[in-house]
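Trainee: Got a minute? I'd like to walk through this model with you.

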Amino acid sequence: MFNKKISFMAVFIILLSIVLSGCGRENTPTVSVGSNGYTVIDSTGQKLEFTDPPKRIASLSVSVDEILLDLIPPDRIVALTGYADDPGISAVPDKAKAVKGRIRSKSIEEIITLAPDLLIAPDWLSGNIIEGLKGVGLKVYVFKTPSTIAEIKKAINDIAEVTGDRSAGDNLIEKMDKKELILFILSER
C-alpha cells in the first residue's frame, strides 16, 4: 500500500512538472515578426506574409474547425467544413452555429465566393486543390495532420501563429494539459 502511494506521488510529481514547464516551442513553424506584420512558414515550407492577422479565415478540415473555434472569435471565421455541424464527426457542433459559411465541395469557385483572406488546409488534402486555390491568389496555410497529443499541441500552436494569436494557442494547450492531469489522477483512484 505504501509503495503504491509513493509510486502514485512520483508519477503525479513528474506529470505536474511537465505540465508546469509548458509544451515547448521548438516544433513550431518559423515565424518572424517585423514592423510591417509577420511571416509564417507552413508544413510544406511555403512562406505566408501578413500585415495584419487574417479576419476572414476558412477551414478545410474538421480538426481545423475545432481548433479555430477554440482559438479565435467566430466573427473572424468566414467558413467551416460541411461536417462542423455533425455531432457524430465534429466535437464543436454547438460552437459551429456561430459561423454561417460552410465549405462542402472544396471547389475553387465555392471558396472564392467566400472571399477568405486565409485558408487553413490539412496536408492530406489533394495537392491539385491546394495549388488551384493558390493559383487564384488565395493564401493557403498547410498544416501537418496530427496523430499524437504532442502533434495536436503543435498544430494548435501553428494555427494560433498563422491566425496572429499565439497567446490563445498557449492558453488552449494549458487547458488541455490541466484536463490530461485531472484525467490521469482520476484514473489512478
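Mentor: We'll go through the chain, one helix, a few residues, and then the empty spaces.

Mentor: Some ground rules come first. Residues are numbered from 1 along each chain as its sequence is written, and side-chain values use heavy atoms, with hydrogens and water left out. This is a predicted model, where local features need pLDDT of at least 70, side-chain atom pairs count only at pLDDT 80 or more, and totals for chains, interfaces and linings use all residues.

Trainee: OK. How many helices and strands are there in the chain?

Mentor: The chain has seven helices and eight strands. Both are DSSP runs, numbered from the N terminus: helices are H or I with at least four residues, strands are E with at least two.

Trainee: And what share of the residues is buried?

Mentor: Of the 189 residues in the chain, 40% are buried. Buried means under 20% relative accessible area, exposed means over 50%, and partly exposed is in between (1.4 Å probe, protein chains only).

Trainee: What about contacts between residues 24 or more positions apart?

Mentor: They account for 49% of the contacts in the chain with a separation of 6 or more. A contact means heavy atoms within 4.5 Å.

Trainee: Let's pick a helix. How many of the residues of α2 are buried?

Mentor: Seven of its 10 residues, so α2 is largely enclosed by the rest of the structure. The buried ones are V62, V64, D65, I67, L68, L69 and L71.

Trainee: Does D65 come up again anywhere?

Mentor: Yes, with T81. The two side chains make a polar contact at 2.5 Å. That term means a pair of N or O atoms within 3.5 Å; within protein, one must be able to donate a hydrogen and the other to accept it, and residues adjacent in sequence count only if both atoms are side-chain atoms.

Trainee: Where is T81 found, and is it buried or exposed?

Mentor: T81 is in strand β5, residues 77-81. Its relative accessible area is 3%, so T81 is buried. Leaving out residues up to four places away in sequence, T81 touches S59, L60, S61, V62, D65, R102 and I103.

Trainee: New topic. How many aromatic pairs does the structure hold?

Mentor: One. The rings of Y38 and F50 have centres 5.1 Å apart and planes at 20°, so the pair is stacked. Y38 lies in strand β2 (residues 37-41) and F50 in strand β3 (residues 47-50), so the pair ties together parts 12 residues apart in sequence. Both Y38 and F50 are buried.

Trainee: What's the rule for a pair?

Mentor: Rings of Phe, Tyr and Trp (its six-membered ring) pair if their centres lie within 6.5 Å; planes under 30 degrees apart count as stacked, over 60 as edge-to-face and the rest as tilted.

Trainee: Now the loops. Where is P116 found?

Mentor: P116 is in the loop between α4 (108-112) and β7 (118-122). At 9% relative accessibility, P116 counts as buried. P116 and A58 are 58 residues apart in sequence, yet 6.1 Å apart in space, C-alpha to C-alpha. Leaving aside neighbours within four places in sequence, P116 is in contact with R56, A58, V78, I111 and L138.

Trainee: What about phi for A115?

Mentor: A115 has a positive phi of about 50°, although it is not a glycine. Most residues other than glycine have a negative phi. A115 is found in the loop between α4 and β7. At 45% relative accessibility, A115 counts as partly exposed.

Trainee: Last stop, the empty space. How much of it lies in the largest pocket?

Mentor: About 400 Å³. On a 1 Å grid over the protein atoms alone, a pocket is an open set of points with protein on both sides within 12 Å along at least five of seven lines; a cavity is a set of points where a 1.4 Å probe fits but cannot get out, and lining residues have an atom within 4 Å of a point. Grid points are joined across faces, edges and corners, and a volume is the space filled by probe spheres set on the points.

Trainee: Which element gives the most to the lining of the largest pocket?

Mentor: That is α7, with six residues. The lining has 17 residues, and E66, D70, I156, L172 and M176 lie nearest the centre of the pocket.

Trainee: And the largest cavity, what lines it?

Mentor: K144, E151, K154, A155 and D158. The largest cavity has a volume of about 40 Å³.
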